[in-house]
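Reader: I'd like a close look at a single strand. Which neighbours does it pair with, and how is the chain routed around it?

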Amino acid sequence: MPPPVQKPNTAPPPDPTRAPGPTPASESASAPESASAPESAPASGPAPASGPAPDSDPTTTPPTPPASPSRPRKRRILRLLAALLALLLLPLLTAETALRINYTGDPAPGTRTRHRDALWLGHAWVDGRKTDRDVKALAGRLRDTGIRDLYVHSGPLEHDGTLPPSAYAKAGWFIGAVHRELPGVRVQAWLGDVLATETPDGLRLERAATRTAVLASTRAVLDAGFQGAHFDLEPLHSGDRNYLALLDDLRALTHARGAVLSVAAHQIDPLPAFHSFWGTTTGHPKWWSQAFFGQVARRVDQIAVMSYDTLQPLQSLYGGYVAQQTSLALEVTPKGTDLLMGLPFYHENRFGHWAHAETVPAAVRGVRLGLSRTDAGRARFGVALYVDFAATEADWRAYRDGWAATPPAAS
């Protein structure tokens with residue numbers, strides 16, 4: 001996900017080249033009229049009825065223009081283009097059909113909140129724009145839900161990994177206010193930056209000095225009173241060994257301080273090695289392999305899947321996609337790690353995200369279906385809501401009714 005502001009997250013294939021038509025047959029037009037007969041020519045006498053001009057060679061004929069393609073040939077070309085288009089669309093249609101089927105059925109009883117949910121909060125909570133009244137309103141919103149962790153934006157990190165204290169100047173006030181109004185809810189510092197993986201500028205994890213600076217920044221936010229550090233570094237390519245090394249060091253630091261280490265994770269390949277194909281064709285891999293997701297999950301206390309911005313155009317397809325992502329993540333997340341699935345609490349229409357399709361009700365149903373099919377009894381599981389300042393009353397109601405509400409007891 002980008003920094004906590006309203007999200008501003010391939011061109012369509014070109015039309016087949018059209019075969020040029022035949023050159024106009026200008027060479028076959030009638031030759032210009034002959035020059036007038038010389039003055040010495042007889043004034044009368046029979047003119048030749050036909051035949052070549054006196055100076056022409058009777059053994060030659062004018063060049064024949066190229067013939068235009070016949071109708072059968074045009075039909076063959078159209079059929080070939082249609083077959084190529086079908087070959088391109090068939091895998092997509094097959095995958096979308098599978099997602100639609102994945103959205104069918106009923107969630108298992110009890111697949112609701114485990115009281116391990118989280119909420120991403122904007123920067124206004126730690127830069128002085130919010131007041132005690134705002135905290136009280138937030139507490140009223142969150143009581144009797146499954147929210148246990150707040151990821152409050154406290155960065156971004158500088159490209160060298162450092163973090164100025166001014167970025168979270170009011171953190172002490174906010175943490176104290178939350179603990180007063182919502183005992184038991186943890187406040188984590190949400191830190192992140194753009195990585196220099198696809199552009200020249202950004203944070204470079206391959207530099208040891210940068211990773212050391214990130215550790216120092218994490219130590220500083222823990223000193224400020226945060227109970228954990230939540231990292232969102234994007235775009236993070238699957239298999240990044242420098243990221244895994246950073247997580248190893250961060251885990252040692254946070255655990256030594258009795259704090260939590262959590263990360264926002266990319267989605268998992270919906271098809272085997274899809275991140276490689278997408279990266280080759282677009283330059284932006286987007287997805288992680290399932291194996292890499294598992295490597296990350298084993299190094300953290302919480303992993304929150306950013307299960308939005310999915311390219312899906314319909315609610316049923318988006319819900320089926322979330323169900324698939326939930327199952328894929330459950331299969332490789334250790335029992336000792338909290339797995340959270342992201343819910344889209346924002347509304348935009350742009351490439352990769354359609355607000356009418358990526359809805360909270362569809363996401364919640366997808367989460368419950370994936371949980372039901374893969375590990376219905378898993379305790380360390382929840383949802384993460386992105387993001388507080390863009391949420392509507394309908395979003396909160398869908399979260400409460402579909403996930404956070406305690407179902408009525410059976411009679």
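Author: Start with one contact: Gly-228 stands opposite Val-260 in β5. Gly-228 belongs to strand β4, residues 228-234, and β5 covers residues 260-265. Helices (H or I, at least four residues) and strands (E, at least two) are DSSP runs, numbered from the N terminus. This is a predicted model, where local features need pLDDT of at least 70, side-chain atom pairs count only at pLDDT 80 or more, and totals for chains, interfaces and linings use all residues. Residues are numbered from 1 along each chain as its sequence is written, and side-chain values use heavy atoms, without hydrogens and water.

Now the pairing. β4 and β5 run parallel, joined by four bridges. Strands count as paired if DSSP finds at least two bridges between them. Between the two strands, the chain leaves β4, passes through helix α5 (residues 241-256) and reaches β5. This β-α-β crossover is right-handed: with the strands pointing away from the viewer, the path from the first strand over the helix to the second runs clockwise.

β4 has another partner. Strand β3, residues 186-194, also runs parallel to β4. Seven bridges join β3 and β4. In one of them, Ala-189 has Ala-229 of β4 as its partner. The connection here uses helix α4, residues 208-223. Together, β3, α4 and β4 make a right-handed β-α-β unit.

Next, cover. Seven of the seven residues in β4 are buried, meaning under 20% relative accessible area (exposed is over 50%, partly exposed in between; 1.4 Å probe, protein chains only). In a regular strand the side chains alternate between the two faces of the sheet. On one side of β4 sit Gly-228, His-230, Asp-232 and Glu-234. Ala-229, Phe-231 and Leu-233 take the other side. Both faces are covered. So Gly-228, opposite Val-260, and Ala-229, the partner of Ala-189, lie on opposite sides of β4, and both are buried.

For contrast, look at helix α1, residues 71-102. Leu-78 lies in α1. Leu-78 is exposed, at a relative accessible area of 57%. Elsewhere, Trp-288 and Phe-292 are both buried.

Finally, the wider setting. The protein chain has 411 residues, and 46% of them count as buried. Its secondary structure comes to 10 helices and 10 strands. β4 is one of those strands, with parallel partners β3 and β5.
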